[in-house]
Amino acid sequence: MKTQVSITDIIARQREFFNTGTTKDIDFRLKQLKVLKQAVSENQEAILQALKADLGKPEFEAYGTEISTIKEIARAIKHLKTWAKPQKAPVSLQFFPASAQIYPEPLGVVLIIGPWNYPFHLVFSPLVGAIAAGNCAIIKPSELAPQTSLIISKILQKYFDPAYINVVEGGVETSQQLLAEKFDHVFFTGGTAVGKIVMEAAAKNLTPVTLELGGKSPCIVDSDTNLEHTATRITWGKFLNAGQTCIAPDYLLVDRKIKENLLVEIQKRLQEFYGDNPATSPDYARIVNQRHFDRLVNLIDNDKIRIGGETNREERYIAPTVLDNVSLTDPVMEEEIFGPILPVIEYTDVREAINFINSRPKPLALYLFTNNKSLQQQVLQVTSSGGVCINDTVLQFGVSSLPFGGVGDSGMGKYHGKASFDTFSHYKSVLHRSFLFNSKLFYPPYQSKLSLLKRFLG
Ligand code: NAD
């Protein structure tokens with residue numbers, strides 16, 4: 001009951017602050033973005049340590065995928081004035097004399113709920129958009145990355161007024177208490193099943209949502225490809241963060257002609273990346289908790305292990321594992337894997353691969369390795385996914401000019417770069433009419449005016 005009261009209170013204080021109009025000022029927003037950048041910069045060490053404690057995250061990966069938020073903040077600082085400018089809109093003749101503009105305005109008090117796999121970046125990155133667009137924000141980091149949740153809370157409390165940016169730590173119950181409140185937007189990153197719960201709760205308050213969800217992202221490997229580079233890029237994208245990446249290639253659909261050679265190359269790459277025993281590699285992460293460890297171990301069919309398969313429950317270690325001769329109905333093909341297990345399925349005709357993808361929920365990412373330009377076009381045209389990366393994996397996430405998000409079961413709404421600003425803004429349409437001239441055409445009495453109106457609109 002105590003938490004409930006304090007959550008209500010936190011939101012009420014933020015609403016009060018928002019209503020002062022302070023956050024609408026562009027200079028205020030720029031100043032806060034600079035504070036955010038400084039906050040990340042000054043606390044890098046503590047953030048890296050928290051990520052190590054929660055996920056055994058190698059420093060290089062943590063720096064490249066989490067601390068890298070700094071770059072996103074810098075970009076928002078650079079472009080904010082342009083993004084926030086009202087845009088002119090054309091007005092057709094019948095409204096003469098008039099002009100039209102579209103004004104971006106902040107939504108108000110927003111809630112950001114984060115997952116555990118990139119627990120720092122996936123709350124700070126939307127926060128950049130929320131601040132840039134002039135909102136107050138409440139952050140609910142994932143309880144499954146407790147050290148990172150704690151450091152996020154400490155940092156934001158130290159650098160920001162809680163009436164402007166605040167953190168509420170906690171698990172499912174806390175999340176549900178927050179969701180029972182009225183917000184002006186909920187930005188959620190997590191699983192598809194929880195996404196439905198979030199949307200249902202938000203609907204009760206008519207709160208709009210952005211849902212950054214997951215799913216199984218397929219990776220097609222055509223025979224006309226550079227096998228060495230293909231293997232390198234798949235191995236990196238799959239086993240980064242021990243496979244706990246929403247846009248990791250979930251499974252491979254490989255042309256039968258090159259499957260054996262591709263598997264040999266992937267094995268070589270794994271050896272190069274993590275040595276003979278990945279358990280001792282400083283560059284290989286751990287599974288977040290024992291529940292997920294057990295879930296993943298259950299997905300490994302021992303008869304189908306081609307590479308890896310070793311596990312250690314105490315250390316939450318699962319070796320990079322490749323499963324061969326996987327059937328489409330195996331349990332590993334039924335749910336999002338979200339771990340270092342790569343099932344390989346072969347095809348004879350690429351249409352089999354495409355049909356399979358199209359028979360499943362729309363994925364967050366789709367990967368295609370091929371030099372064949374017409375196949376590239378064909379796959380782009382006949383499949384639907386949140387995004388596509390041709391001849392590489394995961395990198396599309398880092399291109400700030402590409403809005404990032406899912407479609408269908410993989411989510412709704414987009415962010416990154418300008419798209420983040422848009423997500424947290426309302427675009428207000430404004431028509432200015434002038435008193436210069438007043439046509440009587442549209443006013444009653446309508447008698448004898450209909451034919452004129454028809455001519456005008458025709
Ligand atoms: P999750 O859905 O279990 O949890 C996400 C957040 O929701 C957490 O903060 C958690 O406390 C809260 N939550 C959990 N159950 C809830 C409930 N019943 N009601 C209200 N709130 C609840 O997700 P996760 O396990 O942290 O993350 C893994 C999933 O997230 C994967 O499916 C992955 O693909 C997806 N993901 C997507 C993206 C993306 O950008 N699209 C990024 C990372 C992860």
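A cavity here is a set of grid points where a 1.4 Å probe fits but cannot get out. This model is a predicted one, and by that rule it holds two cavities of 30 Å³ or more.

## Cavities and the largest pocket

Let us start with the enclosed spaces. The largest cavity contains about 50 Å³ of space. Its lining is made up of G215, K238, G243, T245, C246, A248, P249, D250, E336, I337 and F338. The second largest cavity has a volume of about 40 Å³, and the residues around it are E72, A76, W83, V128, G129, A132, G417 and S420. Two helices take part in that second lining with at least two residues each: helix 5 and helix 6 (121-132).

The largest pocket is an open space, with a volume of about 1200 Å³. Which residues come closest to its centre? Of the 48 residues in its lining, they are G190, G191, T192, V194 and E336. Two or more lining residues come from each of helix 8 (172-179), strand 6 (185-189), helix 9 (192-204) and helix 12 (290-299). Helix 9 gives the largest share, five residues. E336 is worth finding on your screen, as it is listed among the residues lining the largest cavity and also among those closest to the centre of the largest pocket.

The table sets out the three spaces by volume and by the classes of their lining residues.

| Space | Volume | Nonpolar lining residues | Polar lining residues | Charged lining residues |
|---|---|---|---|---|
| Largest cavity | about 50 Å³ | five | three | three |
| Second largest cavity | about 40 Å³ | four | three | one |
| Largest pocket | about 1200 Å³ | 23 | 13 | twelve |

## Two helices with a buried side

Now for helix 3, which runs over residues 44-55. From the first C-alpha to the last, its twelve residues reach 16 Å, close to the 16 Å expected at 1.5 Å a residue. Its buried residues are Q44, I47, L48, A50, L51, D54 and L55. Viewed down the helix axis, the buried residues of helix 3 fall within an arc of 160°, so they line one face of the helix. On the other side, E45, Q49 and A53 are exposed.

What does the buried face of helix 3 pack against? Its partners are helix 2 (26-42), helix 4 (59-67), helix 5 (69-84) and helix 7 (146-159). Helix 5, then, meets the buried residues of helix 3 and also contributes to the lining of the second largest cavity. Just after helix 3, G56 takes a positive phi of about 60°.

Helix 12, one of the elements in the lining of the largest pocket, can be read in a similar way. Its buried residues are H292, F293, L296 and L299. These cover an arc of only 120° around the axis, which puts them on the same side of helix 12. The face turned away from that buried side carries R291 and N298, both exposed. The cover over the buried residues of helix 12 includes strand 11, strand 12, strand 13 (321-323) and strand 14 (341-347).

## Three residues to look up

Is E314 buried or exposed? E314 lies in the loop between strand 11 (311-312) and strand 12 (317-318). With a relative accessible area of 73%, E314 counts as exposed, because the cut-off for that word is over 50%. E314 and S99 are 215 residues apart along the chain, and 67 Å separates their C-alpha atoms.

T370 also sits in a loop, the one between strand 15 (365-369) and helix 14 (373-382). With a relative accessible area of 0%, T370 is buried, because that word applies under 20%. Setting aside residues up to four places away in sequence, T370 touches D222, D224, T225, L375, Q376 and N391.

Q14 belongs to helix 1 (residues 2-19). It is buried, with a relative accessible area of 0%. Which residues surround Q14? Neighbours within four places in sequence aside, Q14 is in contact with V109, C136, A137, I138, P162, A163, Y164, I165 and N166.

Note on methods. Residues are numbered from 1 along each chain as its sequence is written. This is a predicted model: local features need pLDDT of at least 70, side-chain atom pairs count only at pLDDT 80 or more; totals for chains, interfaces and linings use all residues. Side-chain values use heavy atoms; hydrogens and water are left out. Helices (H or I, at least four residues) and strands (E, at least two) are DSSP runs, numbered from the N terminus. The expected span of a helix is 1.5 Å times one less than its number of residues. Buried means under 20% relative accessible area, exposed over 50%, partly exposed in between (1.4 Å probe, protein chains only). The arc is that of the directions from the helix axis to the C-beta atoms. Contact means heavy atoms within 4.5 Å. On a 1 Å grid over the protein atoms alone, a cavity is a set of points where a 1.4 Å probe fits but cannot get out, and a pocket is an open set with protein on both sides within 12 Å along at least five of seven lines; lining residues have an atom within 4 Å of a point. Grid points are joined across faces, edges and corners, and a volume is the space filled by probe spheres set on the points. Ala, Val, Leu, Ile, Met, Phe, Trp, Tyr, Cys and Pro count as nonpolar, Asp, Glu, Lys and Arg as charged, and the others, Gly among them, as polar.
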